[in-house]
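The following exercises ask the reader to work from the displayed coordinates towards a description of an interface, of charged pairs and of a surface patch. Each task is followed by a worked solution.

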Amino acid sequence: MTDNFKVFRKKFMIIAALTAAAVGVCLGLLVTGALLLALRLNAIALAWWIYLLVGLGVAALCGTAAYFIIRPSDERIARKLDRDFALGQKVQTMVEFSAEEQPVQMVLMQRRQTDEALGEVAKKRLKMGWLWKFAFIPVLAAAMFLGGILAPVQKRVDPDYEAPVAATDTQLQALRDLIADVESSDLTQTVKPRTLEELNSLLGKLETIKTPTQRKQDAIYAINAIDGAIEATISYTQVCSAVSDDQIVAPLGTAIFSAATYYQSGKNPVTMAEVRSYQEQALNVIPAALYGWTEQFMAQFKDVTIISSISQTVTTFANTLYSQLFDEENNPNVPALGTSPIYDSLQSLISSLMQFAASGGNGQSADVFKSNLRGICNTAADALVPELTVQSYSGMMNDYIRDALVRIFRLSAQDISGDEEQNDPSGDEEQPPADGGGFGEGEIIVGGNDLVLDASDPSDPHSVPYADIIADYNGIISEQIDKGTTKEELILLYNKFYEYLYGGMEQGE
Amino acid sequence: MKSKQTVVLNEADVEKVKAFSASVAMVKQELAKDVVGQKDIIDNVLIAIVAGGNVLLEGVPGVGKTRLVRSLGRALELPFSRIQFTPDLMPSDVTGTNVITKDADGNMKTVFNRGPIFANLILADEINRATPKTQSAMLEVMQEHKVTVAKQTYVLKEPFFVMATENPIEQDGTYPLPEAQMDRFMFKLIVGFPTGEELADIVNMTQITMDETATAVIDGPTVLAMRELAKSVPVIDDVLNYAVKLVTGTHPELADASETAKKYIKYGASPRAAQALITAAKVRALMNGNYNVSYDDVNALAYPVLRHRIKVNYSAINDGINVDGVIGQLLSEYKKYAK
């Protein structure tokens, strides 16, 4: 190629190199700026040298690639020279025919003429106006880079983050009140110390600053521990479960269960007033339930006059009861009952009934025979009453403690059970969280976020979320009722209110 | 192993090329003595002669068509012959015929009496007045530079150049040239009426003498040498493809037809048009002192090469666009390829 062409070629290569470098720098700035922006907006901060490395790497890579793309061939140079300097395809002809090994004279003459023409225009500037079309690229790159540098680093917000908070005074006092209730309760020494231990431990945890989730977990632990301790002392449930499959002895189990759980007949949570009046009520309700079974049992003999027939029925009953509860050899489903006065009373009942049936009546009349039978049943019922009373009371206290802790720590049934579907009656729909009210479908929500006046301190009346105050108000009202200073119609109104509050509103009300 | 020989520029060849330009300049100078104006016509006629083509001139009477060819013959020192075509002109009147004569011994013999076609420069005046039969007699002559009479072929001397004229006024009693014969002409040139200044010069000049005063400056062999030299002018592929694209673009039935052709052209130019474009462009480039063909050379010759080879359709007539207008639109449409 001629010398003058080489001069132009060199110029074009330099332009290409500079352009490629500019492209590399622009892309480096663009990528670095985009990276800065993206990371900063997502609260990710990297060391400055990382960005520098990325930018330099992108610039080097893209610049090199751009050079090999932009670098013009001799044909492109020739075309541009012919166009810019109106050389009438001289340079293109020279380049196209430069590869001929045996060029004709005309080609050589053309080559010389072209070189002379290039010499004449060598001092002229190449037209680089086309570069202005791409002026927006460095502007864009600089803007992106500046944007990335100036973008503020966002603070990372962990959606699962919970700020530790101190327990409210209401919560602390409510828990202390609960501990006092347990101390003054008639829980047996088998469970009371353990229960108080768990509650005091919970109080200690409540006095530290924790997240709400941690507090709930502490409360759930305490509930489960207390529940386990009390459940360990309750034996009637195993008896009822063991006899429930057989229709001969199932009524006895039903009677025992209903006697022990009479306090669950209402939907209301157990109140302290109910706990305090339990003993008095239990002595009436429990025997009545058991005597009820006696009468139910005796009803089958109403028109029976043959003693042997009665004996046979009694024997069958006793044998069935024994088989369901105590015959480990022949019945693999016999529960492991351990020791309990209830088991002793039932064993005594079985023995008495067997002896009674074996006696054959000893010449007694059928009526006398049946009367003696009734006596045996009632004696067994009387024997069951004390232990059933104790176990029933323990169950009641367990419910009371659980309900109180649910209120204090605002637990839901899901929190306690850990079953996600327990709160959803339909099992499918996602229920909206209850707010601003004291209830929600399927959820045990106590209180909401609406503000009410806290008048506990008349010198400092202020508004608080009524979830914080509702338990206290409940306690105050309950005390007033206990004192007997509240009118009957107000008691009914209060019970109805809290029945709705704690039990959920009925559809359509 | 074949050694690579470096080809060096032969200054003698450089002188030849310089002589080419000088020769052309001299001829133009001589012609200017007898022909006023018509610069483009003279340039294109010279291109056609050097390129080995024929020219069809169209112009009203009295614009100097005959004078041009006669002066050209004088400047090129080439025998000139003028044939006035009339409807009764026979083919043998053009080519010549065998006649029976007596020799010195009184024996009868047949002698071929050469017709006016046996010259280097032929002016076929009002060729469209001759009958198709007579016109076809010109076909062989123009294409092959040979005359065949009674199975005897006579080769015409080179350089052989036919310049035919068509009178656009007298349409009665004319026989339009068939496309095959039109295609034999490398160029069709439109001789315009001289300007007032030119007409004044013509009047002044012809007051002195009506005879041509041009003198011979080159001869036939020189023209042939120039022809050979012009053939070696290099053409890059882009320019060649551009010329081809111009020709194919005139065919509306082709896939790569131009929009102009689809709209205004009934049928397009033959492959001879592409040959003529490149051949003539080489001569033009060399005449202008360039040693390569450029897009400008091709564009400048598009009109004389294409105007008699394409036929416009009724849309063009309806829009008032003549064939030169269509060629102009075609060049505009293809301007993007000439970069």
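**Exercise 1. Describe the interface between chain A and chain B.**

Step 1. Begin with the contacts: 20 residues of chain A are in contact with 27 residues of chain B, contact meaning heavy atoms within 4.5 Å. The model is a predicted one, in which local features need pLDDT of at least 70, side-chain atom pairs count only at pLDDT 80 or more, and totals for chains, interfaces and linings use all residues. Residues are numbered from 1 along each chain as its sequence is written, chains are lettered from A and ligands numbered from 1 in the order in which they are written, and side-chain values use heavy atoms, with hydrogens and water left out.

Step 2. Turn to the area. The size of an interface is often given as the accessible area lost when the parts come together. Here the two chains bury about 2100 Å² between them, 60% of it on carbon and sulfur atoms; buried area is the accessible area (1.4 Å probe) that two parts lose on being put together, summed over both. On the side of chain A, Gln105(A), Met106(A) and Met109(A) lose the most area to chain B, together 29% of what that side buries.

Step 3. Examine the polar side of the interface. Between chain A and chain B there are 10 residue pairs in polar contact, both residues at pLDDT 80 or more. A polar contact is a pair of N or O atoms within 3.5 Å; within protein, one must be able to donate a hydrogen and the other to accept it, and residues adjacent in sequence count only if both atoms are side-chain atoms. The count of salt bridges between the two chains is one, where a salt bridge is a side-chain nitrogen of Lys or Arg within 4 Å of a carboxyl oxygen of Asp or Glu. Arg79(A) and Asp238(B) meet through their side chains in a salt bridge, at 3.3 Å from N to O.

Step 4. Assign the secondary structure. Helix 4 (90-96) and helix 5 (105-121) of chain A each supply at least two residues of the side that touches chain B. Helix 5 gives the most to that side, with eight residues. Helices (H or I, at least four residues) and strands (E, at least two) are DSSP runs, numbered from the N terminus.

**Exercise 2. Locate two salt bridges within chain B and state whether their residues are buried or exposed.**

Step 1. Consider the chain as a whole. Chain B has 14 helices and 11 strands, and buried residues make up 49% of its 339 residues. Buried means under 20% relative accessible area, exposed over 50%, and partly exposed in between (1.4 Å probe, protein chains only).

Step 2. Take the pair Glu166(B) and Lys188(B), whose closest N and O atoms are 4.0 Å apart in a salt bridge. Glu166(B) belongs to strand 8 (residues 161-166) and Lys188(B) to strand 9 (residues 187-190), 22 residues apart. Both Glu166(B) and Lys188(B) are buried.

Step 3. Take next Arg309(B) and Asp183(B), a salt bridge with its closest N and O atoms 2.6 Å apart. Arg309(B) lies in the loop between helix 12 (295-306) and strand 11 (311-312), and Asp183(B) in the loop between helix 6 (179-182) and strand 9, so the pair ties together parts that are 126 residues apart in sequence. Arg309(B) is buried at 7% relative accessibility, and Asp183(B) is buried at 8%.

Step 4. Add the neighbour His308(B), which is placed in the loop between helix 12 and strand 11. The side chains of His308(B) and Arg309(B) are joined by a polar contact of 3.4 Å. Leaving aside residues up to four places away in sequence, His308(B) touches Met182(B), Phe185(B), Met186(B), Phe187(B) and Lys188(B).

**Exercise 3. Identify a charged pair and a nonpolar surface patch in chain A.**

Step 1. Chain A has 19 helices and two strands, and 39% of its 509 residues count as buried.

Step 2. Arg176(A) and Glu207(A) form a salt bridge through their side chains (3.6 Å, N to O). Arg176(A) lies in helix 7 (residues 169-183) and Glu207(A) in the loop between helix 8 (192-206) and helix 9 (212-231), so the pair ties together parts that are 31 residues apart in sequence. Arg176(A) is partly exposed, with a relative accessible area of 35%.

Step 3. Trp48(A), Trp49(A), Leu52(A), Leu53(A) and Leu56(A) form a nonpolar surface patch with about 620 Å² of accessible area together. Patches are made of residues with over 30% relative accessible area and no salt bridge: like charges are joined within 9 Å, nonpolar side chains (Val, Leu, Ile, Met, Phe, Trp, Tyr) within 5 Å. Accessible areas come from the Shrake-Rupley method with a 1.4 Å probe; for residues, only the protein chains shown count as cover. Trp48(A) is found in helix 2 (residues 48-70) and is exposed, with a relative accessible area of 64%.
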